Amino acid sequence: MKTTRTLAQISNSKGFQLSEILVSWPYYTEETVILAYSEIKRRGIQINEEIEKLITAFCEAQGKPISQLEFELFESKNVANYQEYFNSQPQYSETMNEESKKLEKLRREQAFQREVFEKKQANKDVLYGGLWFVGGLAVTLVSVASGKGGFIAYGAVIFGGIQFFKGLMKS
């Protein structure tokens, strides 16, 4: 399945992203490639030999010259050329910017919530790791102090120490 880019996506793309569409033209729809090429021309980006070769290969695959492909596309959109098409749909770029802002805000909120959760988890690791370490150490000391040999709770001491320091490293 070929990838489609909207006019808003193309008009908000960086120059290298437009070139990438042309480089990978077999993976994009005909409309996307034509819009990317037209946007490059609209911006006045120099069309070098490599881009010319890519456009030539694209045109050969379509069986028509680029001017005819552009004409047919814009005629189907009821406009004369790319500039008219671009000017007729300004709401897309405004909508795209608003959506981008909303998505960025949502991403920041999620990152903040994740940070808060990780901080709480680190504090729990410090608390419970410390309790396991001190508890294991206390059991070992009481057991050894009884004088009849002793129970060494090294598992609790090691587990508690690891969890404690892991929590310290995260916080």
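# Exercises on contacts, burial and packing

**Exercise 1.** Find the residues that Gly15 touches, not counting residues up to four places away in sequence, and describe its setting.

Solution.
- Gly15 touches Arg43 and Ile45, with residues up to four places away in sequence left out; contact means heavy atoms within 4.5 Å.
- The model is predicted: local features need pLDDT of at least 70, side-chain atom pairs count only at pLDDT 80 or more, and totals for chains, interfaces and linings use all residues. Residues are numbered from 1 along each chain as its sequence is written, and side-chain values use heavy atoms, with hydrogens and water left out.
- Gly15 is placed in helix H2 (helices are DSSP runs of H or I with at least four residues, strands runs of E with at least two, numbered from the N terminus).
- Gly15 is partly exposed because its relative accessibility is 27% (buried is under 20% relative accessible area, exposed over 50%, partly exposed in between, with a 1.4 Å probe and protein chains only).
- From Gly15 to Arg43 there are 28 residues in sequence, and the C-alpha to C-alpha distance is 9.0 Å.

**Exercise 2.** Determine where Ser13 lies, whether it is buried or exposed, and what it touches.

Solution.
- Ser13 sits in the loop between H1 and H2.
- Its relative accessibility is 14%, so Ser13 counts as buried.
- With residues up to four places away in sequence left out, Ser13 touches Leu18 and Arg43. Arg43 is also touched by Gly15.

**Exercise 3.** List the buried residues of helix H2 and state how they are arranged about its axis.

Solution.
- H2 covers residues 15-23, and its buried residues are Leu18, Ile21 and Leu22.
- Viewed down the axis of H2, these buried residues fall within an arc of 100 degrees, so they line one face of the helix; the arc is taken over the directions from the helix axis to the C-beta atoms.
- The packing partners of these buried residues are helix H1 (7-11), helix H3 (30-43) and helix H4 (49-62).

**Exercise 4.** Describe the largest nonpolar core by its residues and by the elements that supply it.

Solution.
- The largest nonpolar core holds 25 residues; such a core is a set of buried Ala, Val, Leu, Ile, Met, Phe, Trp, Tyr and Cys residues joined through side-chain atoms within 4.5 Å.
- The residues with the most contacts inside this core are Leu22, Val33, Leu35, Ile55, Phe58, Ile66 and Phe74.
- Two or more core residues come from each of H1, H2, H3, H4, helix H5 (66-76) and helix H6 (82-88).
- H3 gives the largest share of this core, six residues.
- To follow one core member, take Phe58: it touches Trp25, Glu30, Val33, Ile34, Ile66 and Leu69, not counting residues up to four places away in sequence.

**Exercise 5.** Give the place, accessibility class and contacts of Phe133.

Solution.
- Phe133 belongs to helix H7, which spans residues 90-145.
- Phe133 is partly exposed because its relative accessible area is 34%.
- The contacts of Phe133, not counting residues up to four places away in sequence, are Ala156, Val157, Gly160 and Gly161.
- Tyr154 is 21 residues from Phe133 along the chain, and their C-alpha atoms are separated by 9.1 Å.

**Exercise 6.** Work out how far Lys119 is from Pro65, both along the chain and between C-alpha atoms.

Solution.
- Helix H7 contains Lys119.
- With a relative accessible area of 43%, Lys119 is partly exposed.
- Lys119 and Pro65 are 54 residues apart along the chain, with 60 Å between their C-alpha atoms.

**Exercise 7.** State the sign of phi at Asn78 and locate the residue.

Solution.
- Phi of Asn78 is near 65 degrees, which is a positive value in a residue other than glycine.
- Asn78 is part of the loop between H5 and H6.
- The relative accessible area of Asn78 is 71%, so Asn78 is exposed.
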